[in-house]
Amino acid sequence: KPKGDVFVDEGAKKAIVQKGKSLLPSGVVKIRGTFDRGDSVSCLGPRGKEFARGLVNYSASELDRISGFRSKQIEKVLGYKYSDEVIHRDDLVVL
């Protein structure tokens, strides 16, 4: 059961659904809920409809800080980096 929601923009949704890509922080628009690194979350598109679920590489508070940034900026914002991806493709299921 998902611990939270990650809202993504249309470009991120298309990359995940049509091209089989990972979710990057630049595509994250909003976060809802409290979750930790490794928790399951729902991925919601621009209209708020769930289209995927995955295991996050960052907690809700970390993701809130890096949302909208490019992967190469994560370490500058947080002071550390676990991964370039918010959710790696291998940990993501399209519904």
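## Charged pairs, strand E1 and the nonpolar core

Asp84 has a relative accessible area of 36% and is therefore partly exposed. The model described here is predicted. Lys81, also with a value of 36%, counts as partly exposed, and its side chain meets that of Asp84 in a salt bridge, with N and O 2.6 Å apart.

**Salt bridges**

The count of salt bridges comes to 3. They are listed below with the N to O distance and the relative accessibility of each partner.

| Pair | N to O distance | Basic partner | Acidic partner |
|---|---|---|---|
| Asp5 and Arg32 | 2.8 Å | Arg32, 43%, partly exposed | Asp5, 16%, buried |
| Glu50 and Arg53 | 2.6 Å | Arg53, 34%, partly exposed | Glu50, 27%, partly exposed |
| Lys81 and Asp84 | 2.6 Å | Lys81, 36%, partly exposed | Asp84, 36%, partly exposed |

The salt bridge between Asp5 and Arg32 has its closest N and O atoms 2.8 Å apart. This pair links distant parts of the chain, since Asp5 belongs to strand E1 and Arg32 to strand E2, 27 residues apart. Asp5 counts as buried because its relative accessibility is 16%, under the 20% limit for that class. Arg32, at 43%, counts as partly exposed.

**Strand E1 and its partners**

Asp5 lies within a strand whose surroundings can be described residue by residue. How many residues of E1 are buried? The number is 5 of the 5, so E1 is largely enclosed by the rest of the structure. In a regular strand, side chains alternate between the two faces of the sheet. In E1, Gly4, Val6 and Val8 point one way, while Asp5 and Phe7 point the other way, and all of these residues are buried.

E1 pairs with two strands. With E2 the sense is antiparallel, over 5 bridges, and Val8 stands opposite Val28 in E2. With E3 the sense is parallel, over 4 bridges, and Gly4 stands opposite Val41 in E3.

**The nonpolar core**

The largest nonpolar core has 22 residues, and those that touch the most other members are Val6, Leu23, Phe35, Leu63 and Ile87. Two or more residues come from each of strands E1 (4–8), E2 (28–33), E3 (40–44) and E4 (50–55), and from each of helices H1 (10–19), H2 (60–66) and H3 (74–78). H2 gives the most to this core, with 3 residues.

Val6 of E1 illustrates how these parts come together. Apart from neighbours within four places in sequence, Val6 is in contact with Leu23, Val28, Lys30, Phe35, Val41, Ser42, Cys43, Leu44 and Leu63. Among these contacts, Leu23, Phe35 and Leu63 are also listed with Val6 as core members that touch the most others.

**Ser42 in strand E3**

Ser42, one of the contacts of Val6, is placed in strand E3. Ser42 counts as buried because its relative accessibility is 6%. Beyond the neighbours within four places in sequence, Ser42 is in contact with Pro2, Gly4, Asp5, Val6, Glu50, Ala52 and Arg53. These contacts include Gly4, Asp5 and Val6, which belong to E1, as well as Glu50 and Arg53, whose side chains meet in a salt bridge. The side chain of Ser42 also makes a polar contact of 2.7 Å with the side chain of Glu50. Ser42 and Lys1 are 41 residues apart in sequence, with 9.0 Å between their C-alpha atoms.

**Asp39, a buried acid without a salt bridge**

Asp39 lies in the loop between E2 and E3. Which side chain of opposite charge is nearest to Asp39? That side chain is Lys3, 4.0 Å away; Asp39 is buried yet has no salt bridge. The side chain of Asp39 instead reaches the backbone nitrogen of Asp36, at 2.7 Å. Beyond neighbours within four places in sequence, Asp39 is in contact with Lys3, Gly54, Leu55 and Val56. Of these, Gly54 and Leu55 fall within the range of strand E4 (50–55).

**The ends of helix H1**

At the start of H1, a side-chain oxygen of Asp9 reaches to within 3.3 Å of the backbone nitrogen of Gly11. After H1 comes Gly20, which has a positive phi, near 65°.

Definitions and conventions. Residues are numbered from 1 along each chain as its sequence is written. This is a predicted model: local features need pLDDT of at least 70, side-chain atom pairs count only at pLDDT 80 or more; totals for chains, interfaces and linings use all residues. Side-chain values use heavy atoms; hydrogens and water are left out. A nonpolar core is a set of buried Ala, Val, Leu, Ile, Met, Phe, Trp, Tyr and Cys residues joined through side-chain atoms within 4.5 Å. Buried means under 20% relative accessible area, exposed over 50%, partly exposed in between (1.4 Å probe, protein chains only). Contact means heavy atoms within 4.5 Å. Two strands pair if DSSP finds at least two bridges between them. Lys and Arg count as positive and Asp and Glu as negative; His and the chain ends are not counted. A polar contact is a pair of N or O atoms within 3.5 Å; within protein, one must be able to donate a hydrogen and the other to accept it, and residues adjacent in sequence count only if both atoms are side-chain atoms.
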